[in-house]
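Here is a friendly walk through one chain, topic by topic. Please keep the view open and turn to each spot as it comes up.

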Amino acid sequence: MAQSTDTTDWVSRYADEVIAESERRAPGKPVTVASGLSPSGPIHLGNLREVMTPHLVADEIRRRGHEVRHLISWDDYDRYRKVPAGVPGVDESWAEHIGKPLTSVPAPAGSAYPNWAEHFKAAMAEALTELGVEYDGISQTEQYTSGAYRAQILHAMKHRGDIDAILDQYRTKKDPAKAGQAGKGGAKQQKPVDEAELEAAEGSGAASEDDGSGGSGGYYPYKPYCGQCEKDLTTVVSYDDDSTELVYTCTACGFGETVKLSEFNRGKLVWKVDWPMRWAYEGVIFEPSGVDHSSPGSSFVVGGQIVRKIFDGVQPIGPMYAFVGISGMAKMSSSKGGVPTPADALKIMEAPLLRWLYARRKPNQSFKIAFDQEIQRLYDEWDKLEAKVADGSALPADAAAHSRAVRTAAGELPRTPRPMPYRTLASVADITAGAADQTLRILSDLDPSAPLASLDEVRPRLDRAENWITTQVPADARTIVRAEPDTALLSSLDDESRESLRLLLEGLDAHWSLDGLTHLVYGVPKVRAGFSADATAKELPPEIKVAQRTFFALLYRLLVTRETGPRLPTLLLAVGADRVRKLLGA
């Protein structure tokens with residue numbers, strides 16, 4: 001077995017463990033890892049950790065030359081639990097479908113897809129393709145309605161007493177779903193969080209389903225969908241092991257019927273039995289889940305006993321993954337509908353950056369994904385890491401996370417050929433309102449010695465920055481350059497301010513580049529105080545910083561009407577030398 005050379009990297013350590021376990025259980029067979037996603041609504045960035053954790057491990061295993069299957073079970077045969085808020089094309093009339101399988105619920109109005117599940121699966125599948133996630137998708141609707149699990153269902157029903165005894169050990173314990181915890185893909189909340197965080201913590205809801213208990217006829221781990229109204233508000237009245245005859249009634253519409261479970265395919269095992277059944281059926285070696293599953297009575301804990309004692313299988317290696325938070329939700333147009341999806345994130349950040357956020361943190365470490373100004377700092381951090389990787393100074397774990405972000409075993413992900421700073425691109429997009437000719441002029445002026453031949457050189461990063469400006473930055477925070485000089489302000493300036501503006505204007509042509517203008521705007525207050533423009537911070541008294549801030553505020557007021565804005569060198573380049581002279585009273 002090929003061993004990792006980087007013992008500091010969590011992905012490599014799990015890959016070592018998974019390969020060893022797979023060779024112990026099923027030597028010579030593909031390594032199987034799994035994820036589960038319920039398309040009950042928009043599949044959000046918290047759910048993405050359910051996919052990215054096994055993906056990164058699977059990809060490391062592929063890099064070592066092993067064959068891997070990453071299964072994504074689309075839990076599209078789950079019941080429709082509630083009408084999600086803020087979904088376009090959906091109103092309260094969808095409440096009439098609560099209790100039906102997700103594949104039997106109509107898609108939102110105007111959707112190109114045949115049903116609710118397919119509508120929400122499609123957006124996630126497109127995002128996973130962009131992220132370079134290689135997987136085998138399994139529709140649980142197809143599995144159940146085709147009879148693929150018939151032998152497992154009959155086996156579970158035959159051993160319903162044994163299953164009931166296992167579950168009964170936990171029924172008196174605290175219910176995780178009532179302790180502020182979520183379903184599979186969720187996370188236990190250990191401190192007060194805002195509304196967005198609570199929504200981000202919510203998983204598919206599958207783990208909070210009932211375990212099949214109840215009913216005067218005893219315990220049954222199987223739930224039929226009604227033959228008349230299609231809902232799962234049914235009660236199994238009786239079941240005969242020999243004939244497989246099952247009698248059920250529906251509390252929603254009053255319908256009832258007798259069916260042969262050996263032929264009947266319109267129902268499913270309850271979640272706490274369904275999940276371990278699939279572990280055994282698929283031979284899953286590795287599958288993560290939300291930290292709620294570390295609680296007594298949780299699906300993963302109970303499933304470990306059921307898979308072993310009922311289905312003669314082995315529980316997968318199952319790291320618990322922590323909460324994924326979002327910063328900047330208040331500015332999001334989609335915030336009414338909950339937390340953002342991977343597709344939302346990929347509109348404002350490149351795929352390698354999003355992959356890196358999941359790769360650099362161990363599964364049990366929480367982190368935030370930025371939709372606010374913090375995204376600029378994240379990109380700065382990413383660019384610094386890229387530079388360290390290029391010159392060989394990155395720490396091993398950081399270099400490993402970078403490698404997993406920019407490429408998979410199948411090859412490199414698309415990248416921006418000339419990655420200019422995200423904050424610069426965002427500022428230019430803000431000032432130009434996306435005008436391509438102006439954008440090209442400004443970006444070429446950043447470094448006149450190496451001008452851009454085409455905006456394609458800075459794409460897709462430029463497109464992401466433009467999207468961020470237009471979708472996440474409130475209108476009142478956008479930069480609007482003055483059309484005419486502020487003559488009242490200019491006429492009121494004292495001699496000190498007038499002289500500072502004169503020095504700036506005199507130096508424009510000689511310093512017309514990003515570095516040059518940076519030197520100029522920081523240098524003017526130094527020169528006015530009698531120091532060299534090249535003087536370092538250590539050589540200057542503290543008052544110089546105050547003078548610089550005062551000068552910067554004046555420039556912002558004269559250029560964009562307020563005292564803050566994009567970085568001044570970028571702003572000056574964007575406005576253009578002639579217009580700068582006009583607005584500064586030359």
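Two strands count as paired if DSSP finds at least two bridges between them. With that in mind, this predicted model has an open sheet of three strands in the order 5-6-7, with antiparallel pairing. The chain as a whole comes to 22 helices and 14 strands.

**The chain overall**

- Of the 586 residues in the chain, 54% are buried.
- The chain exposes about 24,900 Å², and carbon and sulfur atoms supply 50% of that area.
- Looking at contacts between residues at least 6 apart in sequence, 70% join residues at least 24 apart.

**The open sheet, strands 5-6-7**

- Which strands form the edges of this sheet? They are strand 5 (234-239) and strand 7 (256-260), each of which pairs on one side only.
- From one strand to the next, the twist averages 25 degrees.
- Strand 6 (residues 245-250) and strand 7 run antiparallel and are joined by five bridges.
- To find your place in this pairing, look for Val247, which stands opposite Thr258 in strand 7.
- As a general reminder, side chains in a regular strand alternate between the two faces of the sheet.

**A parallel pair and its crossover**

- Strand 2 (residues 68-74) and strand 3 (residues 136-139) run parallel, with four bridges between them.
- One pairing to look at is that of Trp74, whose bridge partner in strand 3 is Ser139.
- Together with helix 3 (residues 116-130), strand 2 and strand 3 make a right-handed β-α-β unit.
- His97 sits in the loop between strand 2 and helix 3.
- Is His97 buried or exposed? His97 has 11% relative accessibility, so it counts as buried.
- Beyond its neighbours within four places in sequence, His97 is in contact with Tyr80, Val105, Pro106 and Lys231.

**Two cysteines without a bond**

- How many disulfides does the model contain? The count comes to zero.
- Cys226 and Cys253 are the pair to inspect here: the sulfur of Cys226 has its closest cysteine sulfur in Cys253, at 3.6 Å, which is too far for a bond. A disulfide needs the two sulfur atoms within 2.5 Å.
- Seen from the other side, Cys253 is in no disulfide either, and its nearest cysteine sulfur is that of Cys226.
- The two cysteines also fall into separate exposure classes: Cys226 counts as buried because its relative accessibility is 0%, whereas Cys253, at 31%, counts as partly exposed.

**Helix 1 and its contacts**

- Helix 1 (residues 10-25) holds Ser22, and Arg25 lies in helix 1 too.
- Ser22 has a relative accessibility of 3%, so it counts as buried.
- Setting aside neighbours within four places in sequence, Ser22 is in contact with Pro27, Lys29, Pro30, Val31 and Ile285.
- Arg25, by contrast, is partly exposed, at 25% relative accessibility.
- Ile285 appears among the contacts of Arg25 as well, along with Val284, Val314, Gln315 and Pro316, again leaving aside neighbours within four places in sequence.
- How far apart are the C-alpha atoms of Arg25 and Val314? They are separated by 8.9 Å, although the two residues are 289 apart along the chain.

**Helix 5 and the loop before it**

- Gly147 lies in the loop between helix 4 (140-145) and helix 5 (150-158).
- With a relative accessible area of 16%, Gly147 is buried, because the cut-off for buried is under 20%.
- Gly147 and Ser262 are 115 residues apart in sequence, and their C-alpha atoms are 8.9 Å apart.
- Moving into helix 5, we come to His155, which counts as partly exposed at 30% relative accessibility.
- Which residues does His155 touch, not counting those up to four places away in sequence? The residues it touches are Ile310 and Phe311.
- From His155 to Ile310 the distance is 8.3 Å, C-alpha to C-alpha, with their positions 155 residues apart in sequence.

Terms used. Residues are numbered from 1 along each chain as its sequence is written. This is a predicted model: local features need pLDDT of at least 70, side-chain atom pairs count only at pLDDT 80 or more; totals for chains, interfaces and linings use all residues. Side-chain values use heavy atoms; hydrogens and water are left out. Helices (H or I, at least four residues) and strands (E, at least two) are DSSP runs, numbered from the N terminus. Buried means under 20% relative accessible area, exposed over 50%, partly exposed in between (1.4 Å probe, protein chains only). Contact means heavy atoms within 4.5 Å. Axes are lines fitted to C-alpha atoms, for helices over the stretch in contact, and angles run from 0 to 180 degrees between N-to-C directions. A crossover is right-handed if, with the strands pointing away from the viewer, the path from the first strand over the helix to the second runs clockwise. Accessible areas come from the Shrake-Rupley method with a 1.4 Å probe; for residues, only the protein chains shown count as cover.
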